[in-house]
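Visitor: I would like to go through this structure with you, moving from its charged pairs to its helices and its core. Could you take my questions one at a time and give the reasoning before each answer?

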Amino acid sequence: MTKEINKEELLVQQEYIEKVKAINAKREQMPLAHVHSFGCQQNVSDGEKIKGMLAQMGYGFTPETAFADLILFNTCAVRENAEDRVFGNIGALKKLKEKNRNLIIAVGGCMVQQEHIAQRMKKSFPQVDIIFGTHVMHTLPQMIYEKLSENRRTLSIPESDGVIAEGLPVIRESKVKASVPIMYGCNNFCTYCIVPYVRGRERSREMSAIVAEAEALRDSGVKEIMLLGQNVNSYGKGLQTPVTFAQLLKALDDVGIPRIRFMTSHPKDASFKLIDTIAAQPKICKHLHLPVQCGSDRLLVQMNRHYTVEHYLELIEYARKKVPGITFSSDIIVGFPGETEEDFQKTLELVQKVGYMQLFTFIYSKRTGTKAADMPDPTPRKEKTDRMTRLLKVQDDIAMALVKAQVGQTVRVLVEGYGRNEGTLSGRLDNNLTVEFKADPALMGSYAMVRLTGARATVLLGELVES
């Protein structure tokens, strides 16, 4: 059962924050924390809350593990290579721990929510002091206090349908744009995916809390928000007073932040009404991330995706009709168990039909505990990597043609950072493409009108239009 963390529980954690802060205040120098979040944007958002709590506890931050008094890895479980990276990074910390016995090492997030991973970490990585799952992040102050005051090693991986903890402090990575989780967890149980097992069941934040967060971001000068959820189209279903995602988008459009993005939108729940909402609300970006995973109806059944290629293409065509200039991105899995060359060819055909501006591609990664992990998988790895190479070639040609077709337009760019070449700034368009152009750094964080003059691979190049 989903549990909202009540104010009393959060006040207890606030008391632990003050206790840790008092310990840290006695040090000769401010202690430094190194926080690294692996994986998806939801993890990055969680990492911002972790940093918020650490800052209240009296920690500063460092990008270098060598200078840190506390190292925290916020982990991802979606693919095996992400887990391997974490294990490699933790192993490398052993020498730092030997040099500094007071160093605190914490590992949390999706990867350690898996029982077999948590037990491996407990037995094989004694240098890790705190191991915590996705449902207890808000209790980090208590875990750190117990380590500092009692030298207690903590393993906290409770089984849960999931929790919602409102009001945690946040240190945003950007002053220009911000991620806003609107829901957590997933009910879909795609056969390849570990997320429902490590993130819990779908649970939505109250619309009033989301709107209040958006208003605070607007007042702080944020120019773009990204709404996050494993399946945003399911937003609001479990609330006491059900709300639709379309209603939430309308309410957020009224807040006045210039740009609103969202991800991820599951094709089985994406609707014409959602597309109508994108068309009608001027602040919603004209870009749709709609993960298809593959172009074979046979494999979509095996993946437990609950839509067909025909239905998916109907959504794409309706969006093109209702939202002129809309662009699409998607996720593709290559080498799902039992994928044949015929299945793969259907994926290539779909990619060519849709014409994605961006594609996020992955070779299937076996996840212990999922149904796909027990499916026969006779395709050799070399054949899977060959298919991936062919897919990337097709997609690169499509993307570069679409990018070049933008040249000559004058567009509105949100300036987010510095470009690759000296003297240039970088920003994103409404359609999610990146553009670089020469301009004064004083434009950082604002909107600029830019004429597109060329392209470097899939990055647009432009020149500032003087107002």
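Visitor: How many salt bridges does the structure hold?

Guide: This is a predicted model, and side-chain atom pairs are counted only at pLDDT 80 or more. In general, side chains of opposite charge can pair when their charged atoms come close. With a side-chain nitrogen of Lys or Arg required to lie within 4 Å of a carboxyl oxygen of Asp or Glu, the number of salt bridges in the structure is 33.

Visitor: Which parts does the salt bridge between D343 and R298 tie together, and how many residues apart in sequence are they?

Guide: The side chains of D343 and R298 meet with an N to O distance of 2.5 Å. D343 belongs to helix α14, residues 341–354, and R298 to helix α12, residues 297–302, so the pair ties together parts whose separation in sequence is 45 residues.

Visitor: Is D343 buried or exposed, and what is its relative accessible area?

Guide: The cut-off for a buried residue is a relative accessible area under 20%. R298, its partner in the salt bridge, is partly exposed at 43%. D343 itself falls under the cut-off and is therefore buried, with a relative accessible area of 4%.

Visitor: Which residue forms a salt bridge with R387?

Guide: R387 counts as buried, at 1% relative accessibility, whereas the residue it pairs with counts as partly exposed, at 31%. R387 lies in helix α15, residues 381–404, and its partner in helix α14, so the pair ties together parts that are 46 residues apart in sequence. The closest N and O atoms are 3.5 Å apart, and the partner is E341.

Visitor: What separates E342 and K346 along helix α14?

Guide: These two residues also form a salt bridge, in which the closest N and O atoms are 3.9 Å apart. E342 is exposed, with a relative accessible area of 55%, while K346 is partly exposed, at 34%. An α-helix has 3.6 residues a turn, so residues three or four places apart point the same way. E342 and K346 are 4 residues apart in helix α14, and the separation is therefore about one helical turn.

Visitor: Which residues are linked in a network of salt bridges?

Guide: Beyond the separate pairs discussed above, there is a network to consider. Its acidic members are E224 and E416, and the complete list of linked residues is K177, E224, R259, R261, E416 and R428.

Visitor: What span does α15 reach from its first C-alpha to its last?

Guide: Helix α15 has 24 residues, and the expectation is set at 1.5 Å a residue. The value found in the model is close to that expected span, and it is 34 Å.

Visitor: What covers the buried residues of α15?

Guide: The buried residues in question are K384, R387, M388, L391, V394, Q395, I398, A399 and V403. What covers them includes one helix and several strands, namely β15 (327–334), β16 (358–363), β20 (447–456), β21 (459–464) and α14.

Visitor: How are α13 and α14 oriented, roughly parallel or roughly antiparallel?

Guide: The axes of α13 and α14 are 11 Å apart and make an angle of about 10°. The contact is made by V309, Y312, L313, I316 and R320 on the α13 side and by L350, K353 and V354 on the α14 side. Angles under 35 degrees count as roughly parallel, and the two helices are therefore roughly parallel.

Visitor: How many of the 11 residues of helix α10 are buried?

Guide: Helix α10 covers residues 245–255 and is largely enclosed by the rest of the structure. Its buried residues pack against α9 (207–219), β12 (224–228), β13 (259–263) and α11 (272–280). They are F245, A246, L248, L249, A251, L252, D253 and V255, and the number buried is 8.

Visitor: Which residues touch the most other members of the largest nonpolar core?

Guide: This core has 70 residues, and its largest share, 7 residues, comes from helix α13, residues 309–322. Leaving out residues up to four places away in sequence, F262 touches M226, L227, V232, F245, L249, L274, I278, I284 and L288. The residues that touch the most other members are L227, F245 and F262.

Note on methods. Residues are numbered from 1 along each chain as its sequence is written. Side-chain values use heavy atoms; hydrogens and water are left out. A nonpolar core is a set of buried Ala, Val, Leu, Ile, Met, Phe, Trp, Tyr and Cys residues joined through side-chain atoms within 4.5 Å. Buried means under 20% relative accessible area, exposed over 50%, partly exposed in between (1.4 Å probe, protein chains only). Contact means heavy atoms within 4.5 Å. The expected span of a helix is 1.5 Å times one less than its number of residues. Axes are lines fitted to C-alpha atoms, for helices over the stretch in contact, and angles run from 0 to 180 degrees between N-to-C directions. Angles under 35 degrees count as roughly parallel, over 145 as roughly antiparallel, 65 to 115 as roughly perpendicular and the rest as oblique.
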